[in-house]
Amino acid sequence: MMMWEGFVQNRSQIGEAIVETFMMVGIALLAALLIGLPLGTALYLNGKGQLYEHSLRYALLNGIVNVVRSFPFLLLVVFMIPLTRLIVGTAIGTLAASIPLAVVAIAIYARFVEQSLLEVPRGVIESARSMGASKLQIITKFLYVEARSGLVLGLTSSTISFISYSTVMGVVGGGGVGDFAIRYGYQRFETELMAVVIVLMVILVQGIQFIGNALSRWLDKR
């Protein structure tokens with residue numbers, strides 16, 4: 001009952017926090033698709049025995065992805081403050097918080113993409129070559145098609161990670177549900193509001209996982 005009262009009394013602030021979270025996660029998703037997908041594909045293609053095998057390029061790309069993924073997120077946010085200010089003019093706020101989140105999103109999804117493409121049977125590539133397909137056609141018409149189920153599952157898992165990272169941005173004034181939980185729940189000792197945020201996040205994550213799993217099963221034609 002107290003949770004419901006807290007929700008009703010603060011519904012406008014909660015709604016605003018959810019919109020800010022969607023904005024951060026949306027920008028991260030866009031960065032993952034536009035940059036993370038090509039980066040993950042490049043990792044795969046430059047790997048041993050692949051179409052563009054090149055150990056130096058692979059080592060460089062692999063190192064960049066590993067460093068970003070292993071970097072503690074809050075430290076990465078602080079480390080990127082000069083770049084964030086250069087891009088958006090400030091280091092505080094939802095848009096500013098989206099910059100380091102987008103960088104992490106690119107690295108996370110790039111690794112998922114590489115793993116999904118590695119699961120494609122080698123026979124698919126050989127069949128494509130025997131049919132005279134170009135390297136670009138092999139990538140777009142064979143590899144991506146065969147790996148589409150895994151790519152969707154990877155994007156689903158990545159999105160859930162982005163939501164988790166976005167809540168951390170509340171610590172540095174990035175807005176979103178994490179910021180709301182800190183300002184209204186923790187600092188004011190209103191634990192009911194923190195409980196409301198937790199319930200909302202659980203529902204959101206479960207919904208995303210359900211949709212991602214359903215879409216992946218639908219795309220899996222094997």
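This passage walks through the overall fold, the nonpolar cores and the charged pairs of a predicted model.

A good place to begin is the overall layout. The protein contains 10 helices and zero strands, so that its pattern along the sequence reads α-α-α-α-α-α-α-α-α-α. Of its 222 residues, 40% are buried. Contacts between parts of the chain that lie well apart in sequence feature strongly: among contacts with a separation of 6 or more, 73% join residues 24 or more positions apart. The accessible surface amounts to about 12,100 Å², and carbon and sulfur atoms account for 67% of that area.

The interior comes next. In soluble globular proteins, nonpolar side chains tend to be buried together. In this model, the largest nonpolar core has 42 residues, and the members that touch the most other members are Phe73, Ile138, Leu143 and Phe162. Several helices contribute to this core, with at least two residues coming from each of α2 (11-45), α4 (73-79), α6, α7, α8 (135-168), α9 (176-186) and α10 (191-219). Helix α6 gives the largest share, nine residues. Phe162 offers a closer view of the packing: leaving out residues up to four places away in sequence, Phe162 touches Val25, Ala28, Leu29, Ala32, Leu101, Ala105 and Ile108. Besides this core there is a second, separate one of nine residues, including Ala31, Ile106, Ala107 and Ala110.

Nonpolar side chains also appear on the outside. Leu30, Leu33, Leu34 and Ile35 together make a nonpolar surface patch of about 390 Å². One of these residues, Leu30, belongs to helix α2.

Attention now turns to charge. Side chains of opposite charge can pair when their charged atoms come close. The model holds two salt bridges. One of them links Arg111 with Glu114, with 2.6 Å between the closest N and O atoms. Both partners sit three residues apart in helix α6, which means that about one helical turn separates Arg111 from Glu114. Arg111 and Glu114 are both buried.

The surroundings of Glu114 can be described in some detail. Glu114 is found in helix α6, which spans residues 94-118. Its relative accessibility is 6%, and because buried means under 20%, Glu114 falls in that class. In addition to the polar contact of 2.6 Å between the side chains of Glu114 and Arg111, the side chain of Glu114 makes a polar contact of 3.0 Å with the side chain of Tyr58. Tyr58 also appears among the residues that Glu114 contacts beyond its neighbours within four places in sequence, the others being Gly40, Leu43 and Tyr44.

The other salt bridge joins the side chains of Arg129 and Glu126, at 3.6 Å from N to O. These two residues lie in helix α7 (residues 122-130), and because they are three residues apart, about one helical turn lies between Arg129 and Glu126. Here the setting is partly exposed: Arg129 has a relative accessibility of 42%, and Glu126 has a relative accessible area of 40%. The pairs can thus be set side by side: Arg111 and Glu114 are buried, whereas Arg129 is partly exposed, as is Glu126.

Notes
Residues are numbered from 1 along each chain as its sequence is written. This is a predicted model: local features need pLDDT of at least 70, side-chain atom pairs count only at pLDDT 80 or more; totals for chains, interfaces and linings use all residues. Side-chain values use heavy atoms; hydrogens and water are left out. Helices (H or I, at least four residues) and strands (E, at least two) are DSSP runs, numbered from the N terminus. Buried means under 20% relative accessible area, exposed over 50%, partly exposed in between (1.4 Å probe, protein chains only). A polar contact is a pair of N or O atoms within 3.5 Å; within protein, one must be able to donate a hydrogen and the other to accept it, and residues adjacent in sequence count only if both atoms are side-chain atoms. Contact means heavy atoms within 4.5 Å. A salt bridge is a side-chain nitrogen of Lys or Arg within 4 Å of a carboxyl oxygen of Asp or Glu. Accessible areas come from the Shrake-Rupley method with a 1.4 Å probe; for residues, only the protein chains shown count as cover. A nonpolar core is a set of buried Ala, Val, Leu, Ile, Met, Phe, Trp, Tyr and Cys residues joined through side-chain atoms within 4.5 Å. Patches are made of residues with over 30% relative accessible area and no salt bridge: like charges are joined within 9 Å, nonpolar side chains (Val, Leu, Ile, Met, Phe, Trp, Tyr) within 5 Å.
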